Amino acid sequence: MKNYALYKVTEHAKERIQSRFNITKSELDTWMTRLLSQSTYIETQENHREKYRLNDVVLIVDTKQRVIVTVYSENEHDDINISNPTNPEVKSAINSALRLMIKQRKVKTANKALKSIEKMNVACQKMTSPYANYRFTDNAWDELVKAFKEVKRTLESGMTVIEEAQRKIDEG
């Protein structure tokens, strides 16, 4: 936070810091200096207020009166805007690995599905052969349905992984 030395801590904020973070009065100044100097801007709010964060500690400041209004703990992943951007070289390597994984998963899924499709084909041939014996129709039908469910499960599982990997690439 810029110009943090110009801000005063309200009594309300001091009380909240002491109760929420177990900070003693003697530790308060050092703790606040570190918090204010290292916090990251999150958003502008109503009434000249701004929200800042350092890890999971959130502080609300009044920019007009130059005071720290309150301080509280919040899950560090609730504000999407504060995440550090990934190094472009790392991002490129991750995306390349994800693209390769997607291709490999597609091939693996297709191979697994093919085995089940072949089982479906065998079951269909048993049922549609001109020499089909109706005694075996129920068994062949059960084999067909079982193989179909295997294909469906295989494709859904593969697609879930592929779609998640693609979302990660798209998120950047």
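## A walk through the sheet, its helices and the cores

Let us start at a turn: four residues separate the strands in the hairpin of β4 and β5, and there Arg66 adopts a positive phi near 55 degrees. Keep in mind as we go that this is a predicted model. The two arms of the hairpin run antiparallel and are joined by six bridges. One of the bridged pairs is Asp62 with Val67 in β5.

From here we can step out to the whole sheet. It is open and has five strands, ordered β1-β5-β4-β3-β2, with mixed pairing. At the edges are β1 and β2 (40-45), each of which pairs on one side only. On the β1 side, two bridges connect that strand to β5, and the two run parallel; here Val9 has Ile68 of β5 as its bridge partner. On the β2 side, the link to β3 is antiparallel and made of five bridges, and Gln45 finds its bridge partner in Arg49 of β3. Back in β5, five of the seven residues are buried, so this strand is largely enclosed by the rest of the structure.

What lies across β5? Helix α1 does, and it also lies across β1 and β4, running at about 20 degrees to β5. The buried residues of this helix are Ala13, Ile17 and Phe21. Viewed down the axis of α1, they fall within an arc of 40 degrees, so they line one face of the helix. This fits a familiar rule: an α-helix has 3.6 residues a turn, so residues three or four places apart point the same way. The cover over the buried residues of α1 includes β1 (8-9), α2, β4 and β5. Turned away from that buried side is a face that carries the exposed residues Glu11 and Ser19. Just after α1 comes Asn22, with a positive phi near 55 degrees.

Now for the interior. The largest nonpolar core holds 17 residues, and those with the most contacts inside it are Ile17, Trp31, Met32, Leu35, Leu59, Ile68 and Val71. At least two residues come from each of α1 (11-21), α2 (25-38), β3 (49-54), β4 (57-62) and β5 (67-73). The biggest share is that of α2, which gives five residues to this core. Such a grouping is in keeping with a general tendency: in soluble globular proteins, nonpolar side chains tend to be buried together. Leu35 offers a good view of the packing, as it touches Leu54, Val57, Leu59 and Val71, leaving out residues up to four places away in sequence. Apart from this core lies another, made of five residues, among them Leu98, Ile102, Ile162 and Ala165.

Further along the chain we meet Ser116, located in helix α3 (residues 88-128). Is Ser116 buried or exposed? Its relative accessible area is 5%, and because buried means under 20%, Ser116 counts as buried. Setting aside neighbours within four places in sequence, the contacts of Ser116 are Ala147, Glu150 and Val151.

A last look goes to confidence. The average pLDDT of the protein chain is 86, and 91% of the residues score at least 70. Residues 76-82 have a pLDDT below 50, and beyond near neighbours in sequence this stretch makes 11 contacts in the model.

Terms used:
Residues are numbered from 1 along each chain as its sequence is written. This is a predicted model: local features need pLDDT of at least 70, side-chain atom pairs count only at pLDDT 80 or more; totals for chains, interfaces and linings use all residues. Side-chain values use heavy atoms; hydrogens and water are left out. A nonpolar core is a set of buried Ala, Val, Leu, Ile, Met, Phe, Trp, Tyr and Cys residues joined through side-chain atoms within 4.5 Å. Buried means under 20% relative accessible area, exposed over 50%, partly exposed in between (1.4 Å probe, protein chains only). Contact means heavy atoms within 4.5 Å. The arc is that of the directions from the helix axis to the C-beta atoms. pLDDT is the predictor's confidence in each residue, from 0 to 100. Two strands pair if DSSP finds at least two bridges between them. Axes are lines fitted to C-alpha atoms, for helices over the stretch in contact, and angles run from 0 to 180 degrees between N-to-C directions.
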